[in-house]
Amino acid sequence: MTALQQATEVVDPVPGAQAPHLPGQPDLVQLLTPEGERVEHPEYSIDVSDDELRAVYRDLALVRRWDVEATALQRQGELGIWASLLGQEAAQVGAGRAMEAGDMAFPTYREHGVAWTRGVDPLHVISLFRGVDMGGWDPIAAGLNLYTVVIGAQCLHATGYAMALQRDGAEHAALAFLGDGATSQGEVNEAMIWAAAFSAPVVFFCQNNQYAISVPIERQSRVPLYQRAAGFGFPGVRVDGNDVLAVLAVTRAALAAAREGQGPTFIEAFTYRMGAHTTSDDPTRYRLGGELEQWKLRDPIARLKAYLSRSGIADAAFFDGVDAEGDELAARIRKGTVEMPAPAGTEIFDSVYAEQTPELARQRAEFVAYHEGFEEAGE
Amino acid sequence: MTQKLALGKALNLGLRRAMEDDPKVLLMGEDIGRLGGVFRITDGLQKDFGEDRVVDTPLAEAGILGTAVGLAMRGYRPVCEIQFDGFVFPAYNQLVTQVAKIHNRSRGKLPMPIVVRIPFGGGIGAVEHHSESPEAYFAHTAGLKVVAVSNPVDAYWGIQQAIASPDPVIFLEPKRRYWEKAEVDLDAAPGPLFASRVVRGGDDVTLLAYGPMVKTALQAAEAAAEEGRSLEVVDLRTLSPLDLDPVFESVRRTGRCVVVHEAPLTLGLGAEIAARVAETCFHSLEAPVLRVGGYDTPYPPSKLEEEYLPDLDRVLDAVDRSLAF
Ligand SMILES: Cc1ncc(C[n+]2csc(CCOP(=O)(O)OP(=O)(O)O)c2C)c(N)n1
Ligand SMILES: [Mg+2]
C-alpha cells in the first residue's frame with residue numbers, strides 16, 4: 001500500500017456507523033455517543049451542570065425550530081433564500097457557547113446557531129436573507145461579525161482581529177468559522193500562515209459537513225482536514241461535530257489556549273449538512289439518500305435528548321416546555337418577517353462612505369427628485 | 001435547422017458542440033460536473049464527456065485561473081466557470097497579472113485561449129455578491145477580451161466563438177435572462193463575435209446596451225414607439241474591443257445617444273463610449289451623450305434592487321432628456 005493510499009484509506013469516521021466515502025481518521029473527540037451515552041476522553045473532559053445541559057438542549061432545539069421556520073418562510077416567498085444549518089446545530093451551539101464576552105466570532109453565512117448564542121435576534125439574520133439589509137446587528141457589541149459570503153475571507157479578518165487583541169493585551173480570542181470547501185481557498189491558507197507567524201489568539205473552527213455545495217470533501221483534501229494544521233505549525237483536532245459536549249469542551253480548550261498566549265488551533269468539527277446547501281439547491285442531484293439516513297442516526301439533538309432523558313436530567317415536562325417555546329419563537333419569527341418594513345430607497349446611498357462624497361450626494365438628490373416625480377404624477 | 005432554446009440551454013448546447021469539435025476543450029469550475037452548475041449551464045456534460053473534461057474543481061478561484069494558464073501552455077482550451085460575478089476576485093490577480101499579459105510577455109509564443117464564463121448582473125433577488133457587474137475591471141485590462149451576450153443565438157454561437165478565439169475572453173452571461181427563449185439557427189453563425197449589432201432600427205435616438213439591458217432597451221424602444229418616437233437599439237456585444245462603427249453611423253443619423261448598463265456609472269463602459277462618440281460624432285450631436293446606470297454604490301440588498309437597476313422608466317427618462325436638449 002502506498003503512502004497516499006494509506007493516507008486516504010477508508011475507515012469509518014464515526015464508530016458504529018458507515019461512511020465509506022470518507023477518508024480515514026484515527027482520532028475523533030467524542031463525549032456523547034450517537035446513542036446518547038456519556039463517554040470520557042483522555043484529553044478532553046467537561047464539567048457541565050444539569051442546568052447548563054438543559055440550556056444547551058434548549059439552544060439546539062430552538063435554533064432548529066428557527067431554521068425550520070425560515071425554510072418554510074422561504075418556500076412561501078417571504079425570504080429570497082435560506083442557508084439551513086440542519087444537522088450542524090451541535091457544532092454551532094457548542095462553539096458559540098464556548099465563547100466568552102469579549103471574544104469575537106467571524107461567521108460564514110450558515111452560523112445561525114452561533115448568532116443565537118451571541119444573543120443576536122433571529123430577525124436580524126432573517127432580514128439579510130429577506131433582502132432587507134446585510135444583517136443589521138452591531139458586530140462589535142454582539143461579538144459576532146456580520147455574515148461573510150465570499151468563501152474564506154473572514155479567516156483573515158479573524159486573524160487580524162486576534163492580532164489586535166494581542167497588541168492590546170486583551171485576554172480574548174477570535175473564532176473564525178469556515179467550511180470544508182473553504183479550506184481550499186488561498187486566503188484561508190494565508191490566514192493560517194499569519195496566525196502561526198504571529199501566534200495570534202485565533203481558533204479556526206471548520207465545520208466539515210462533507211460537502212461544498214455538491215462537491216464532496218475528497219476533492220478538497222486527501223488528508224483529514226485537522227491534520228493540515230500540523231503543516232502550519234499549530235495543533236489540529238477533530239471533534240464529533242454532532243456531539244455538543246465534545247464541541248464545547250474542545251472549543252473551550254482551544255479558546256483558553258489562545259487567550260493564554262499559546263496561539264492558534266484548528267478544529268475540524270466532523271458533521272453533516274442534513275439539508276440542501278441552500279433553498280436554491282437540489283441535493284438529490286449529487287448524493288444518495290442512504291447517506292442522509294446514516295447521518296440521521298447521529299442526529300445532534302436526538303443524542304442529547306436521549307442522554308438527558310435517560311440520566312433523568314430532564315423530564316417530559318421540560319421537553320414539552322422547550323417545544324412550546326419553539327412554537328412561540330417560530331410565531332414571533334414569522335410575524336416579524338412578514339411585517340418587516342421595506343427599506344427606504346435612499347438607504348442605497350447613505351452608508352457607502354463615512355464622509356458622503358459630493359457626487360454621491362448629487363446622485364441621491366437626483367434619485368429623490370426622480371421618485372418624487374412619479375408620486376406627483378400619481379403613479 | 002432551428003430550435004427554440006432558452007439562453008442557458010443554448011450555452012449548454014454551444015459548450016457541448018465546442019467539446020465535440022475540439023478534444024482540447026476542458027470545462028473547469030465549482031459544482032459544474034455532477035450538479036451541472038448552480039444554473040445548470042453544464043448540465044449533462046460531465047456524464048457525456050467524463051470527469052477529465054468537465055472538472056469539478058476545488059473551491060479556489062485563483063486555482064481555477066492559475067491552473068488554466070498551465071493547461072493552456074500545453075495546448076488545452078480551458079473554459080472556466082466562475083459561479084457568480086462577485087466570486088471572480090480571488091482569480092483577479094491571475095487574470096490581470098498573468099492571463100492578460102502572457103501573450104505579450106512571451107512575444108506571442110504563449111497564446112492564452114482561456115474563456116472565463118461569468119453569470120453577471122442583478123435582478124434575481126439574491127444576497128450580496130451575486131448581482132455584480134464587474135465588466136469594466138476587465139475591459140480596462142489590456143490583453144483580455146470581454147463580451148456580454150444578450151440572447152440565445154449569441155449565447156449558442158458566442159460561446160463557441162469565444163472558445164475558438166486564441167485570446168483570453170471574459171464571457172459575461174446575463175443571469176437573469178438565462179430563461180429567455182428564442183429560435184436559434186444551429187447551422188449558421190450570425191456573424192463574428194467581436195462586433196456590435198443594430199437590433200432595432202430607428203431615427204430619433206440611438207440607444208446602446210449589452211447583456212441583460214438589451215431586453216430593457218428593446219422594451220423602452222417599444223414603449224417609445226407608442227408615443228411616436230423611434231429609437232435605434234444597438235447591442236454592443238463586445239465590450240473589449242469595442243466595435244463602435246455601427247454606433248457612430250447611427251449617431252450621425254439620430255444626433256442623440258443614450259448608453260445603458262447595470263454597472264455603476266462612474267468609469268463604467270458608458271464613460272468610454274460617451275467619450276468616443278463625442279470625439280467622433282461631435283458635429284452630429286444634438287445633445288450630450290447620456291448614461292443610465294447603477295448608482296455609484298455597492299449593489300444593494302435585493303429589496304432595493306429594483307430601485308437601483310436601470311429600468312424602462314429610467315431609460316425613457318434619459319431619452320426624454322436627450323430629446324428635450
Ligand atoms: C469565493 C467564493 N467562491 C464561490 C462561492 C459560492 N459558494 C457559496 S457556498 C459554496 C460552498 C461552500 O462550501 P463549504 O466551505 O464547505 O461551506 P458549507 O456551505 O458547506 O457550509 C460556494 C462554492 C462563494 N460564496 N465565494
Ligand atoms: Mg461544507
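Me: Is A:Arg334 buried or partly exposed in this predicted model?
Reply: In this predicted model, the relative accessibility of A:Arg334 is 27%. Buried means under 20% and exposed means over 50%, with partly exposed in between, so a residue at 27% counts as partly exposed.

Me: Which residue forms a salt bridge with A:Arg334, the closest N and O atoms being 2.7 Å apart?
Reply: Side chains of opposite charge can pair when their charged atoms come close. The partner of A:Arg334 lies in helix α2 (residues 50-75) of chain A, whereas A:Arg334 itself lies in helix α13 (residues 316-338) of chain A, 265 residues apart, and the pair therefore links distant parts of the chain. This partner is buried, with a relative accessible area of 8%, and its name is A:Glu69.

Me: Which residues do salt bridges that share partners join into one network?
Reply: A search of the whole structure finds 39 salt bridges over all chains, and one of them is the pair of A:Glu69 and A:Arg334. Through shared partners, salt bridges make one network of A:Arg65, A:Glu69, A:Asp327 and A:Arg334.

Me: How many residues apart in sequence are the parts that B:Asp85 and B:Lys175 tie together?
Reply: B:Asp85 and B:Lys175 form a salt bridge in which the closest N and O atoms are 2.5 Å apart. B:Asp85 is buried at 0% relative accessibility, and B:Lys175 is buried with a relative accessible area of 0%. B:Asp85 lies in the loop between β4 (77-81) and α4 (92-99) of chain B, while B:Lys175 lies in the loop between β7 (169-174) and β8 (181-185) of chain B, so the parts tied together are 90 residues apart.

Me: In which helix do B:Arg276 and B:Glu272 both lie?
Reply: B:Arg276 forms a salt bridge with B:Glu272, with 2.7 Å between the closest N and O atoms. B:Arg276 is partly exposed at 32% relative accessibility, and B:Glu272 is partly exposed with a relative accessible area of 36%. The two residues are four residues apart, about one turn of the helix, and both belong to helix α10 (residues 269-281) of chain B.

Me: Which residues coordinate the magnesium ion (ligand 2)?
Reply: The donor residues are spaced D-x28-N-x1-Y in sequence. One donor lies in the loop between β2 (174-179) and α8 (186-197) of chain A and another in strand β4 (residues 211-212) of chain A, so this pair ties together parts that are 31 residues apart in sequence. At 2.1 Å, the ion is coordinated by A:Asp180 (OD), A:Asn209 (OD1) and A:Tyr211 (O).

Me: Are A:Asp180 and A:Tyr211 buried or exposed?
Reply: A:Asp180 has a relative accessible area of 1%, and A:Tyr211 has a relative accessibility of 6%. Since buried means under 20% relative accessible area, A:Asp180 and A:Tyr211 both count as buried.

Me: What is the distance between the end C-alpha atoms of helix α1 of chain B?
Reply: Helix α1 (residues 7-21) of chain B has 15 residues, and at 1.5 Å a residue it should span 21 Å. Its buried residues include B:Leu7, B:Ala10 and B:Met19. The expected span agrees with the distance in the model, because the end C-alpha atoms are apart by 21 Å.

Terms used:
Residues numbered from 1 in each chain as written. Chains lettered and ligands numbered in written order. Predicted model: local features only at pLDDT ≥ 70, side-chain atom pairs only at ≥ 80, totals over all residues. Heavy atoms only, no water. Donors = N, O, S within 2.8 Å, 3.2 Å for Na, K, Ca; no water. Buried < 20%, exposed > 50% of the residue type's maximum accessible area, 1.4 Å probe, protein only. Expected span 1.5 Å × (residues − 1). Salt bridge = Lys/Arg side-chain N within 4 Å of Asp/Glu carboxyl O.
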